[in-house]
Amino acid sequence: MSKTCIIIGASHAAAQLSISLRQEGWAGRILIIGDEPYAPYHRPPLSKSFLSGEKELNGILIRPQAVYEKNEIEFKLGIRVEVINRAHKTITLTNGEVLCYDKLALCTGSRVRTVSLPGTDLAGVHYLRNISDVEKIKHDISEGKNAVIIGGGYIGLETASVLIKQGMNVTVLEMAPRILARVTAPALSEFYTRVHTDEGVTIKTGVAVSGFKGDGHVTRVACADGSGFDADLVVIGVGIVPNVELAQASGLEVENGVVVDEFCRTADPDIVAAGDCSNHPNALYKQRLRLESVPNASEQGKTAAASICGNDKAYNTLPWFWSDQYDLKLQIAGLSQGYDQMVIRGDSNSRSFVAFYLKEGRLISADCVNRPREFMLSKRLIAEKIAVDPLRLADEGISPKEFLE
Ligand SMILES: Cc1cc2nc3c(=O)[nH]c(=O)nc-3n(C[C@H](O)[C@H](O)[C@H](O)COP(=O)(O)OP(=O)(O)OC[C@H]3O[C@@H](n4cnc5c(N)ncnc54)[C@H](O)[C@@H]3O)c2cc1C
């Protein structure tokens, strides 16, 4: 009898996993269940071209419907999975429907970290994770009005770069002493502070927000030091938390994500997990990681599909990420946490340079601003553990390809 693989969540990891299942030889039924009412769509444009109105839903779908149809991939959308019963190999949906699975893939991703402050329920106060959030934000965009972004991470800064171009007065409030403090070196924080300031965005660091004021609709953001900022639109971007409760309730191990091995397998032989919701052992960085990026979700989708089909292929892709702000494409290869040396190639006062991060003399990460060639180079140097002299990395006279000769 034909077997069934159910995939919970309908986003990047699921879109890849379902197609990869067919490529790996899965002949049975494939059913994707997602609580958003849309086929899998690219999430990164939500704070970029979709927010700016440059792209619409059709322009951000991960695959055309015809591809799923050709591969006989079925969907149930706009409905949540509430329970996994591992003993009976069933799942229960919010409408009470019970479905049997032979293999189950958890692609539940993550959700926004919420803040418990007075006034978050006021109209005009938003988070940004899905299409419905962006539709609400877009409704509140108004030229000449005040937008306040809470959180100076990549999503907050990308949002700021879109809103300022829409003619809003934009202020970014960051609690840490500098923006992007969790993910990058001070030189990059200074660079992005300068870029945003030049574009007209006000960036305030070391500011703790204490609440939101307004009569029905937000009018002001209040801060713990007594200061405040007028606001017609607020976007809160203070990180995400993985959606692990379903897995946890079913008895699977959870620790900052659903615990999987390098094959995306949980301890249950019939359940895999991939993407933002999973925590995997990373051979290159010799630690367990939970990554929040599209490349990770897609690559883990491939790994998980191979595991389901018994064609085990260890996941060992170098983590990478990108961010688009104004005319700047930042491409990040590897993870910089724990670096003990940083060298800059190019001029960080210009709009094209690289920050290389080294640990004990070895390259572990690179932030490449409008430098695609150095980004490709860095991915190889890091993944293949190729020894490099930091002085040579900084030398613009040596072309990227010479490092590999
Ligand atoms: C605004 C924004 C900008 C971003 N920009 C970038 C970028 O530039 N580069 C980059 O690499 N990454 C970026 N990311 C991160 C990237 O989008 C995520 O890493 C990626 O979406 C993870 O994919 P996923 O499939 O693991 O999970 P998700 O995309 O989180 O999808 C999981 C889906 O499962 C659904 N779900 C959860 N539980 C259930 C349930 N019980 N039943 C049914 N459905 C369920 C969720 O609602 C969601 O639709 C960005 C994210 C956001 C929000």
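Here's a quick tour of how this protein surrounds its ligand, plus a look at one of its helices. Keep in mind that the model is predicted. The big picture is that the protein covers 96% of the 1,000 Å² of accessible area that the ligand has on its own.

**Who's around the ligand**

- There are 35 residues around the ligand, and the ones that come nearest are Ser-11, Asp-35, Glu-36, Lys-48 and Asp-276.
- If you sort the shell around the ligand by class, you get 16 nonpolar, 11 polar and eight charged residues.

**Polar contacts to look for**

- Start with Arg-129, where a polar side-chain atom sits 2.8 Å from an oxygen atom of the ligand.
- Ala-13 uses its backbone instead: one of its polar backbone atoms is 2.9 Å from a ligand oxygen atom.
- Val-294 also joins in through its backbone, with an N or O atom 3.0 Å from an oxygen atom of the ligand.

**Which elements build the shell**

- Four elements each supply at least two residues of the shell: the helices α1 (12–23) and α9 (294–308), and the strands β2 (29–34) and β22 (320–325).
- Helix α9 gives the most, with three residues.

**A closer look at helix α5**

- Helix α5 covers residues 131–140, and its buried residues are Ile-131, Asp-133, Val-134, Ile-137 and Asp-140.
- An α-helix has 3.6 residues a turn, so residues three or four places apart point the same way.
- Those buried residues of α5 pack against two helices, α2 (49–52) and α3 (57–60), and against the strands β9 (125–127), β14 (217–223) and β16 (233–236).

Conventions
Residues are numbered from 1 along each chain as its sequence is written. This is a predicted model: local features need pLDDT of at least 70, side-chain atom pairs count only at pLDDT 80 or more; totals for chains, interfaces and linings use all residues. Side-chain values use heavy atoms; hydrogens and water are left out. A residue is near a molecule or strand if one of its heavy atoms lies within 4 Å of it. A polar contact is a pair of N or O atoms within 3.5 Å; within protein, one must be able to donate a hydrogen and the other to accept it, and residues adjacent in sequence count only if both atoms are side-chain atoms. Accessible areas come from the Shrake-Rupley method with a 1.4 Å probe; for residues, only the protein chains shown count as cover. Ala, Val, Leu, Ile, Met, Phe, Trp, Tyr, Cys and Pro count as nonpolar, Asp, Glu, Lys and Arg as charged, and the others, Gly among them, as polar. Buried means under 20% relative accessible area, exposed over 50%, partly exposed in between (1.4 Å probe, protein chains only). Contact means heavy atoms within 4.5 Å.
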